[in-house]
Amino acid sequence: MRSIIDILDLSPAEIEELIATAMDIIENPAKYAEVCRGKKLATLFFEPSTRTRMSFEAAMYELGGNVISMAGAATSSASKGESVADTAKVISCYADIIAMRHPKEGAALVAANNASVPVINAGDGGHCHPTQTLADLLTIYREKGRFTDLTIGFCGDLKFGRTVHSLINAMSRYPGVKFVLISPEELKVPSYVKKDVLQKKGIPYVQTTDLEGAMPDLDILYMTRVQKERFFNEEDYLRLKDSYILTPDKLKNAKLDMNILHPLPRVNEISVKVDEDPRACYFKQVLNGKYMRMALMRKLLKEAGTI
Ligand code: NCD
């Protein structure tokens, strides 16, 4: 049974195929409106979420399917001590596909190993978030028309930001890509990402604390929220939370066609004044995420022989 835990579970050719499907969905939504008729998605979110859960749910409804959902971790059997493995076996009896978010790294893999239906990782702790990456990739594709020869700046919490880790992994498969990693010392990209991805593949990258200094080189600026829920103490969070705040003034030296991405939710890291800038793409990213989740669920259910 094919599940998607990491963005690298999808080959570049499969990502291209998903993008082609998403573009076709955008142009011909009626063609897809009955594709999942009678099928059920279960959303299992053991961590707060608005966008990702509702995006999966909207995606399944737009494919003509139905959704069953857990009200929240506190009211689920997890609070009685049920294991992720058992929950996955149980939910497989009710649903044709599962989207799961969990605070523990590796939880989605455990679920996939125990479920008898496809599992999609909707975020496992500070590890991966492959469907956000699909949203990011469709956004880059629609804005830039390519994945090659791009300088991508990541700014903010690069340590705990799972969307950052997944997008670095995805983009490191394309030639001519360079990364500029902008963060406070304490929130640098984990060394496993540097060693296993960037250094291993010989991808050019620089680490800096200076957002404005890095700005002129960037084709894409990926802003992130400081991940409060992953901090061990409140004091560190309060000290670091406003390390970077993107304002129109700071964009003075940015390329005119630079794209500003953010997985959302935004706290303080992008001033609302930036929303009017044509380079701001974060609300487009939300919509792109729904189309890519539609394309992904259709693909997995087809491969499973369910549709
Ligand atoms: C992200 C996440 O959950 O990792 N949000 C999302 O899914 N769009 C980013 C975040 O929470 O900061």
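This dialogue explains how to read strands, sheets and a ligand site in a predicted model.

Trainee: How do strands of a sheet pair?

Mentor: Strands of a sheet pair through backbone hydrogen bonds, and the pairing is either parallel or antiparallel. In this model, 4 strands form an open sheet with parallel pairing, and their order is S2-S1-S3-S4. The edge strands are S2 (66-69) and S4 (119-124), each of which pairs on one side only. From one strand to the next, the twist averages 15°.

Trainee: Over how many bridges does strand S1 pair with S3, and over how many with S2?

Mentor: Strand S1 (residues 40-45) and strand S3 (residues 97-102) pair in the parallel sense over 5 bridges. Two of the partnerships can be located in the structure: Thr43 has Ala99 as its bridge partner in S3, and Phe45 has Arg101. S1 and S2 are also parallel and pair over 4 bridges. There, the partner of Lys40 is Asn66.

Trainee: Which helix belongs to the β-α-β unit of S1 and S2?

Mentor: Helix H3 (residues 51-62) belongs to that unit, and the unit is right-handed. A second right-handed β-α-β unit is made by S5, helix H7 (residues 162-171) and S6.

Trainee: Why is S1 described as largely enclosed by the rest of the structure?

Mentor: The description rests on burial, and a residue is called buried when its relative accessible area is under 20%. In S1, 5 of the 6 residues are buried, so the strand is largely enclosed by the rest of the structure. The reasoning also applies to strand S5 (residues 151-155): 5 of its 5 residues are buried, so S5 is largely enclosed as well.

Trainee: Which residues of S5 lie on one side and which on the other?

Mentor: In a regular strand the side chains alternate between the two faces of the sheet. In S5, Thr151, Gly153 and Cys155 are on one side, while Ile152 and Phe154 are on the other. Both faces are covered, since all of these residues are buried. Strand S8 (residues 220-223) can be read in this way too: Ile220 and Tyr222 point one way, Leu221 and Met223 point the other way, and all are buried.

Trainee: With which strands does S5 pair?

Mentor: S5 is joined to strand S6 (residues 178-182) by 5 bridges, and the two run parallel. It also pairs with S8 in the parallel sense, over 4 bridges. Ile152 illustrates both pairings: its bridge partner is Phe179 in S6 and Ile220 in S8. Phe154 stands opposite Tyr222 in S8. S8 in turn is joined by 3 bridges to strand S9 (residues 259-261), and these strands run parallel. In that pair, Leu221 has Ile260 as its partner.

Trainee: Which residues surround the ligand?

Mentor: The ligand is surrounded by residues including Arg51, Thr52, Arg101, His129, Gln132, Arg162, Thr163, Arg225 and Leu264. Arg101 was named above as the bridge partner of Phe45.

Trainee: What distances separate polar atoms of Gln132, Arg225 and Leu264 from the ligand?

Mentor: For such a polar contact, the N or O atoms must be within 3.5 Å. A polar side-chain atom of Gln132 lies 3.2 Å from a nitrogen atom of the ligand. An N or O atom in the side chain of Arg225 is 2.8 Å from an oxygen atom of the ligand. For Leu264, a polar backbone atom is 2.9 Å from a nitrogen atom of the ligand. Taken alone, the ligand exposes 310 Å², and the protein buries 95% of that area.

Technical notes
Residues numbered from 1 in each chain as written. Predicted model: local features only at pLDDT ≥ 70, side-chain atom pairs only at ≥ 80, totals over all residues. Heavy atoms only, no water. Buried < 20%, exposed > 50% of the residue type's maximum accessible area, 1.4 Å probe, protein only. Pairing = 2+ DSSP bridges. Right-handed = clockwise from strand over helix to strand, strands pointing away. Near = heavy atom within 4 Å. Polar contact = N/O pair within 3.5 Å; in protein donor to acceptor, adjacent residues only side chain to side chain. Areas by Shrake-Rupley, 256 points an atom, 1.4 Å probe, with all protein chains shown as cover. Axes fitted to C-alpha atoms, helices over the stretch in contact; angles between N-to-C directions.
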